[in-house]
Amino acid sequence: VEIDYSLATNLFVIFGYSGIRKIGDLNILCEKIPNFYYSTSLKEVGSYTYIGTTFNSNDNSSIEVIGDVNCPNATISKQSFKTSRNLRKVGFMNFPNVTDASEMFRQNYSLKSFNGNFDSVQNIRYMFEDCPSLRSVVFSNLSNVNSISALFSKCYSLAELRVPNIATTFDLTNCNLDSAALVQVFNDLGTTTATLTITGNIGVASLTATDLLIATNKGWTIVQ
C-alpha cells in the first residue's frame, strides 16, 4: 500500500482488522498517530515522519520490520513498541525532544538492534528490559538521563553498546559484552559519581587496570 497521508487529520486505527501485510512510508502531519494494534496481518511498515507530540500507540505483536522513525516534536514515546514480540528490525529512530522513553521496547523478544537520537531523554527505565535477542544499542547522547532502572535487564545477547555522556548509575549484568565493548562503554561515560555493574559479561576477566582507570578517573565505581 502506498498512500499520501499528508492532509489527514486523524489516522487512528486506520487499517482496523484489514488483511494488509505491508504499508509504505508514512508522512503523517496530524496529531493522531496510526494505531496498528488490530492489524494482525501486518508485517512491515515503512519509514515514519510524524509531527505529533505523543508517540505511544503502536504496539502490535505481528509487525516484524519498521523503517526509520522521525518524530521531531514528540516529547513522549513510552511503551510505544512494548510487547511487539515479533519486531526484529527498526530503522534509525530520531526523537530529539523526547524526555520519556520508558518501556519503549520492553519485551521485544525478536529485536536485534537499535540506533537512535534521543538527545533530550531523561527517563529510559525498562526501555529494553527483557529483549533477549538484542545485540546492538547505539545512542547519540544520554547526557540528560536521570532515570534508568533495569534498562538492559535480561538483554543476554547485547554485544555492542554506545551510551555517550551517560552520567547515571546503570547495570549491565549478564549482557554479552567483550572487553573491547566494555572499554567503549567506559570511554562513553560522563564525569560523575556513579556505579556501573558489569558482572557476568564475557569480557570482564580480560579487563586491565588501565582499562578500568578510564572509568574510575571519571568518578565511576565499577562492580565486576
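# Questions on a sheet, a salt-bridge network and a ring cluster

Reader: In what order do the three strands of the open sheet lie, and is the pairing parallel or antiparallel?
Author: In this predicted model, three strands form an open sheet with parallel pairing. Its edges are strand S12, covering 170–171, and strand S14, covering 220–223, each of which pairs on one side only. Read across the sheet, the order is S12-S13-S14, and the pairing is parallel.

Reader: Which residue in S13 stands opposite Asp171?
Author: S12 and strand S13, the latter made of residues 194–197, run parallel and are joined by two bridges. The residue in S13 that stands opposite Asp171 is Thr197.

Reader: How many salt bridges does the structure hold, and how far apart are N and O in the one between Glu103 and Arg106?
Author: Side chains of opposite charge can pair when their charged atoms come close. The structure holds six salt bridges, and one of them brings together the side chains of Glu103 and Arg106, both of which are buried. For this pair the distance from N to O is 2.9 Å.

Reader: Where does Glu103 lie, is it buried or exposed, and which residues does it touch beyond four places in sequence?
Author: Glu103 is found in the loop between S8 and S9. Its relative accessibility is 13%, and because buried means under 20%, Glu103 counts as buried. When residues up to four places away in sequence are not counted, Glu103 touches Gln79, Lys82, Arg125, Tyr126 and Met127.

Reader: How many residues apart are Arg106 and Glu129, the pair that links distant parts of the chain?
Author: Arg106 forms a salt bridge with Glu129, in which the closest N and O atoms are 2.7 Å apart. Arg106 belongs to the loop between strand S8 (93–94) and strand S9 (113–117), whereas Glu129 belongs to the loop between S9 and strand S10 (136–139). Both Arg106 and Glu129 are buried, and along the chain they are 23 residues apart.

Reader: Why does the pair of Lys154 and Glu129 tie together separate parts of the sequence, and how many residues apart are they?
Author: The side chains of Lys154 and Glu129 meet in a salt bridge with an N to O distance of 4.0 Å. Lys154 lies in the loop between S10 and strand S11 (160–162), while Glu129 lies in the loop between S9 and S10, so the parts that this pair ties together are, in sequence, 25 residues apart.

Reader: Which residues do salt bridges with shared partners join into one network?
Author: Two of the partners differ in their surroundings, since Lys154 is partly exposed, with a relative accessible area of 37%, whereas Glu129 is buried, with a relative accessible area of 8%. Through salt bridges that share partners, one network takes in Lys82, Glu103, Arg106, Glu129 and Lys154.

Reader: Over which ring does the charged end of Arg106 sit, and how far is it from the centre?
Author: Besides its salt bridges with Glu103 and Glu129, Arg106 is placed over an aromatic ring. The ring is that of Tyr126, and the charged end of Arg106 lies from its centre at a distance of 4.3 Å.

Reader: How far apart in space are Ser153 and Arg106, C-alpha to C-alpha?
Author: Ser153 lies in the loop between S10 and S11 and is partly exposed, with a relative accessible area of 28%. Leaving aside neighbours within four places in sequence, Ser153 is in contact with Phe128, Glu129 and Asp130. Although Ser153 and Arg106 are 47 residues apart in sequence, their C-alpha to C-alpha distance in space is 9.9 Å.

Reader: Is the pair of Phe105 and Phe114 stacked or edge-to-face?
Author: A search of the whole structure finds 11 aromatic pairs. In the pair of Phe105 and Phe114, the ring centres are 5.8 Å apart and the planes stand at 65°; because an angle over 60 degrees counts as edge-to-face, the pair is edge-to-face.

Reader: What is the angle between the planes of Phe105 and Phe128?
Author: Phe105 is buried, with a relative accessible area of 0%, and Phe128 also counts as buried, at 0% relative accessibility. Their rings form a stacked pair, 5.7 Å from centre to centre, and the angle between the planes is 0°.

Reader: Which residues do ring pairs link into a cluster?
Author: The cluster includes Phe105, Phe114 and Phe128, and Phe114 counts as buried at 1% relative accessibility. Named in full, the residues that ring pairs link are Phe81, Phe95, Phe105, Phe114, Phe118, Phe128, Phe139 and Phe152.

Conventions: Residues are numbered from 1 along each chain as its sequence is written. This is a predicted model: local features need pLDDT of at least 70, side-chain atom pairs count only at pLDDT 80 or more; totals for chains, interfaces and linings use all residues. Side-chain values use heavy atoms; hydrogens and water are left out. Two strands pair if DSSP finds at least two bridges between them. Buried means under 20% relative accessible area, exposed over 50%, partly exposed in between (1.4 Å probe, protein chains only). Contact means heavy atoms within 4.5 Å. Rings of Phe, Tyr and Trp (its six-membered ring) pair if their centres lie within 6.5 Å; planes under 30 degrees apart count as stacked, over 60 as edge-to-face and the rest as tilted. A charge sits over a ring if NZ of Lys or CZ of Arg is within 6 Å of the ring centre and within 35 degrees of the ring normal.
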